[in-house]
Amino acid sequence: KYQVLEYPDITFFQPKGTLNNIFNLKLDLLKPNDDKIFPLVVFVTGGGFFLAPKYNYLQQRIALAEAGFIIASIEYRVIPQGKFPDALVDVKNAIRFLKANASKFGIDKEKVVIMGESAGGYLAALTEFEIGENLNESSSVQAAIDIYGLSDLTKVGDDFSKEVQEAHASPASPEAIFINGLSLFSKGGSIEDNLDLAQKANPLNYVSKNTPPFLLMHGDKDSLVSPNQTEILFEALLENSIDAHRYIVKNANHADKYWYQPEIITIIIEFLNKTLK
């Protein structure tokens, strides 16, 4: 196990917000205390599109750093200030910033993986949108890890009761605001009112023969994001002959204690080692 160093609050991107305000987006870097170069895992935290708490998932991030990976946990623009594709643009800028500064941080920029949970898992599964800074670097990655992430934003509640499905169909649902913005700045509406953009925001529509290997995980007791969300993405990956693995974690709800089991970390580390070797 490596000893781990932390470099918190590194500014990576300063985009403009809806009201011409400037965001100061930061990342926290955990790195093995060694002069070698290490593979990079860019971690995208979840938060229902309205939070991006980069301090989350600390136990898992430390375990990955101890195993020989540099982990960058990033912030991104969230609702109501940001809407699609702002968060994705921010994620891509984080990847390019880290590649542009690879020698400073000891990163092997040929070995980069994106990993996220919940809304962050959704962002980890998307591949488009090269906008912003460090455009001489590519934001392509060698693998993606999607932990109970969303995929088709029109079907987030599909496995649940009629009441939950109606809540997701409301203009006040997080996915509706993520796609449409607040009605103060755009036309607003439910997710069904802007299906064109919902399709543009759907990772299934970007799966191609160039998609990197995927690890997907979901709890069978998830009460926030339908397990169906990673299942339909998994099926799309297999249809395109992508190296994809999906694990169902028994009794696990959304972001609960089951996700801190050593077995989960072991699966992730084995996937990283196999994919990046």
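**Exercise 1. Is serine 173 buried or exposed?** Work this one out on the predicted model shown above.

*Solution.* Start with where the residue sits: serine 173 is in the loop that runs between α5 (162–168) and α6. Next, take its relative accessibility, which is 4%. Buried means under 20%, so at 4% serine 173 counts as buried. Finally, see what surrounds it. Once neighbours within four places in sequence are set aside, serine 173 touches Ala167 and His168.

**Exercise 2. Work out what surrounds aspartate 222, and look for a salt-bridge partner**.

*Solution.* Step one is the location: aspartate 222 belongs to the loop between β7 (214–219) and α8 (228–239). Step two is the charge check. Aspartate 222 is buried, and the nearest side chain of opposite charge is arginine 246, 9.2 Å away. A salt bridge needs the atoms within 4 Å, so aspartate 222 has none.

Step three is to look for polar partners instead. The side chain of aspartate 222 makes a polar contact of 2.8 Å with that of histidine 254. Another polar contact, of 3.2 Å, runs to the side chain of histidine 218. Step four is the wider contact list, skipping neighbours within four places in sequence: Tyr148, Phe160, Pro227, Ala252, Asn253 and His254.

**Exercise 3. Place β4 in its sheet: which strands pair with it, and in which sense?**

*Solution.* Take one partner at a time. β2 (residues 25–32) pairs with β4 in the antiparallel sense, over four bridges. Within that arrangement, leucine 30 is found opposite isoleucine 71 of β4. On to β3: five bridges join β3 and β4, and these two run parallel. Here leucine 40 faces isoleucine 70 of β4.

Now for the side chains. In a regular strand they alternate between the two faces of the sheet. In β4, Ile70, Ala72 and Ile74 point one way, while Ile71 and Ser73 point the other way. For burial, just count: five of the five residues in β4 are buried.

**Exercise 4. How many aromatic pairs does a search of the whole structure find?** Take two of them apart.

*Solution.* The search turns up nine aromatic pairs. Try tyrosine 2 with phenylalanine 38: the ring centres are 5.2 Å apart and the planes make an angle of 85 degrees, which is edge-to-face. Tyrosine 2 sits in the segment before β1 (4–13) and phenylalanine 38 in strand β3 (residues 38–44), so the pair links parts of the chain 36 residues apart. Their accessibility is worth a look too: tyrosine 2 is partly exposed at 26%, whereas phenylalanine 38 is buried at 3%.

Then try phenylalanine 84 with phenylalanine 178. This pair is edge-to-face as well, at 5.9 Å centre to centre with 65 degrees between the planes. Phenylalanine 84 is in the loop between β4 (70–74) and α2 (86–100), and phenylalanine 178 is in helix α6 (residues 174–180), so the pair ties together parts 94 residues apart in sequence. Both phenylalanine 84 and phenylalanine 178 are buried. To finish, go from pair to cluster: Phe49, Phe84, Tyr122 and Phe178 form one.

**Exercise 5. Track three salt bridges through the chain and say how accessible each partner is.**

*Solution.* The full count is ten salt bridges. Begin with lysine 1 and glutamate 66, whose closest N and O atoms are 3.5 Å apart. Lysine 1 lies in the segment before β1 and glutamate 66 in helix α1 (residues 58–66), 65 residues apart. Lysine 1 is exposed at 88%, while glutamate 66 is partly exposed at 23%.

Next come glutamate 137 and lysine 109, at 2.9 Å between the closest N and O atoms. Glutamate 137 is in the loop between α4 (119–125) and β6 (143–147) and lysine 109 is in strand β5 (residues 107–117), so parts 28 residues apart get tied together. Glutamate 137 is buried at 15%, and lysine 109 is partly exposed at 31%.

Last of the three is lysine 274 with aspartate 243, at 3.7 Å. Here helix α9 (residues 262–276) holds lysine 274 and the loop between α8 and β8 (244–249) holds aspartate 243, so the bridge ties together parts 31 residues apart. Lysine 274 is partly exposed at 39%, as is aspartate 243 at 36%. As a final step, look for shared partners: Asp9, Asp28 and Lys54 are joined into one salt-bridge network.

Note on methods: Residues numbered from 1 in each chain as written. Predicted model: local features only at pLDDT ≥ 70, side-chain atom pairs only at ≥ 80, totals over all residues. Heavy atoms only, no water. Buried < 20%, exposed > 50% of the residue type's maximum accessible area, 1.4 Å probe, protein only. Lys, Arg positive; Asp, Glu negative; His and termini not counted. Polar contact = N/O pair within 3.5 Å; in protein donor to acceptor, adjacent residues only side chain to side chain. Contact = heavy atoms within 4.5 Å. Phe/Tyr/Trp six-rings, centres within 6.5 Å; stacked < 30°, edge-to-face > 60°. Pairing = 2+ DSSP bridges.
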